[in-house]
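Me: I'm getting started with protein structures and would like to talk one through. Could we go over its salt bridges together?

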Amino acid sequence: MAAAQGAGSSSAGPSGLPSSAPGHSSNSTAVAVWEWQDEFGRWRPYRGNVCSYIEQVFQASQQKGRRLGSGLVSSIPLGHADPVLAPYVIDIPSLTQFRQDTGTMRAVRRHLFPGDSAAGQGIIWEWQNDEGGWSPYEMNVCVFLEQARATNHQRVDLGPLGYNYEVDFVAQVQTNKTTRFRRGVQRRLDAPYPVTASPPAPIHTGVACSCQQCWLNGGTGPITTRYRHSMINFPNSSATHQVSSRTASVSSSNVGFVPYNKPTLSGARSTPRLNAQSTWALPQGGGPSTGLPASNGVSAPKLPVKMPKPSKVNQALAATPTEPEAVVKRYLEEVKGSPADEDCIICMEKLSSPSGYSDTCECSTIKPETVGRLTDCQHSFHMLCMLAMYSNGNKDGSLQCPSCKTIYGEKTGTQPKGKMEVSTYPQSLPGHKDCGTIQIVYHISRGIQGPEHPNPGMPYTARGFPRYCYLPDNEKGRKVLELLRVAWKRRLIFTVGTSSTTGESNTVVWNEIHHKTEMDTNLSGHGYPDPNYLDNVLAELAAQGVTEDCLRQ
């Protein structure tokens, strides 16, 4: 189910459909919808209650900033709206969702819609995914569909919004205009999205322009950390693809994959950028955010940093010590003398000042003012900040640099017990006609969660197993296979969490490494041909610390 996603709302509609051309609606009431972008470029709206919390904090921060004359906006911890979203924080200036236990970031956007639209009424349109669950359309599609339904259209073409589909309201199906493949659609009532308290401004219902509203509210893509100080080379998020949510949809770093309630990495004294209490300064006037840190600002209620001892399971998985203090001291060397005049990017305090976690993270052997330098990449941080970060993760004896993502030690996961089988046969995959095919079969059965899982002692399910995956039987495909064997042994292929497609919790889900679960018909994004797949999966494996060096050990 692949189709190019348009940026912003539709620029044209079916004959007789009320205009949704680019421009500004005259409706004076607006609702705010916050959406995150999944790994396939599909924008997925947060639920109404979560959006209400995000918007409440966002508006309160702006109002306080206006009173103080500094336009302050805080980062927003989603765990306050829904406990199962505890690892996630939204950083407003960069429009980024940050997952604290893995460091993964996702784009976020805020759109305003008329109060009488589908968003204002809490109407959600959904399509049926391959697992029988229901996935929401992005909100501008929901608004478009509801508008068509309200004007008694029996069928509507989603082409103007960049989707290669038709929706039949009578039959309640979505049809791919190329393949004629049909899926069910449904209309569901949910909590209305929040009325925005933004200053009165024209409300866009079309493609974003260069006005101030579009900078903040438009769907033109986030200003990520990397591009924050450049207004020229923004990442292009407008030509993305919507795909079906098959089991191969890897979602460990977004809200679709809802992880277990890990302790939130918070409690810093000041304003950590990647923290539930982070605050940032927005510029005055009509420009986009520069992302400059504010030394004083709005902070969320402090959440204590919990530092439990590592479980016996994790101790058995790693050859290196897993006690938090020992791990930090293993990979960071203490900086002697005056540290560099720069910020610790974990707590956003100057390295010459004590750690922002000194009030909540106590350690008898590491002082708050101690600065350490990672031995390979040479990035520097407060050692107490690194201790707090490690203690809120998997505690497997490995560290990952928050700046460049270099992994120190052997990263392991929480994959349940199972079996990985490999076979080959001569049939070729599309795009790889010069070789045969490698078939991987993963077997995992239901069981009881261990101490490293979300709910120790509770059962977990294992839907859709055995799962079949495919690689070309050529040199690069065999290299990927050997690295997948390493990732399997390190328990990185699957994890226990909440399914992004069915919403079922306490179930086995894919982790952060994409697999091809179809041999052909790559309309879903999970089959062949895909000329970039092998390079992409090698990069994903490397991000987990699984590289060619592992094959030489």
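Here are some questions and answers about this predicted model.

Me: Let's start broad. How many helices and strands does the chain have?
Reply: Helices and strands are counted separately here. The tally for the chain is ten helices and 31 strands.

Me: What share of the residues counts as buried?
Reply: A residue is called buried when its relative accessible area is under 20%. The chain has 553 residues to sort this way. The share that counts as buried is 56%.

Me: How many salt bridges does the structure hold?
Reply: To count, a side-chain nitrogen of Lys or Arg has to sit within 4 Å of a carboxyl oxygen of Asp or Glu. With that cut-off, the number of salt bridges in the structure is 22.

Me: Which residue forms a salt bridge with arginine 109, and how many residues apart are they?
Reply: The partner is glutamate 35, and the closest N and O atoms are 2.9 Å apart. Arginine 109 belongs to strand β9 (residues 105-114), while glutamate 35 belongs to strand β3 (residues 30-37). So the pair links distant parts of the chain, and the separation between glutamate 35 and arginine 109 is 74 residues.

Me: Is glutamate 35 buried or exposed?
Reply: The cut-off for buried is under 20% relative accessible area. Glutamate 35 has a value of 0%, so the word for glutamate 35 is buried.

Me: And why does arginine 109 count as buried?
Reply: Again, buried means under 20%. Arginine 109 makes the cut because its relative accessible area is 2%.

Me: What about lysine 350: which residue does it pair with, and how accessible is that partner?
Reply: Lysine 350 forms a salt bridge with aspartate 343, with 3.8 Å between the closest N and O atoms. Lysine 350 itself is partly exposed, at 35% relative accessibility. Aspartate 343 is partly exposed too, and its relative accessible area is 25%.

Me: Which parts of the chain does the salt bridge between glutamate 452 and arginine 491 tie together?
Reply: The closest N and O atoms of glutamate 452 and arginine 491 are 2.6 Å apart. Glutamate 452 lies in the loop between β27 (447-448) and β28 (459-460), and arginine 491 in the loop between α8 (475-489) and β30 (494-497). So the salt bridge ties together two loops, with the pair 39 residues apart in sequence.

Me: Which residues do shared partners join into one network?
Reply: Some salt bridges have partners in common, and that is what links them up. The members of this network are Arg47, Glu126, Arg188 and Asp190.

Technical notes. Residues are numbered from 1 along each chain as its sequence is written. This is a predicted model: local features need pLDDT of at least 70, side-chain atom pairs count only at pLDDT 80 or more; totals for chains, interfaces and linings use all residues. Side-chain values use heavy atoms; hydrogens and water are left out. Helices (H or I, at least four residues) and strands (E, at least two) are DSSP runs, numbered from the N terminus. Buried means under 20% relative accessible area, exposed over 50%, partly exposed in between (1.4 Å probe, protein chains only).
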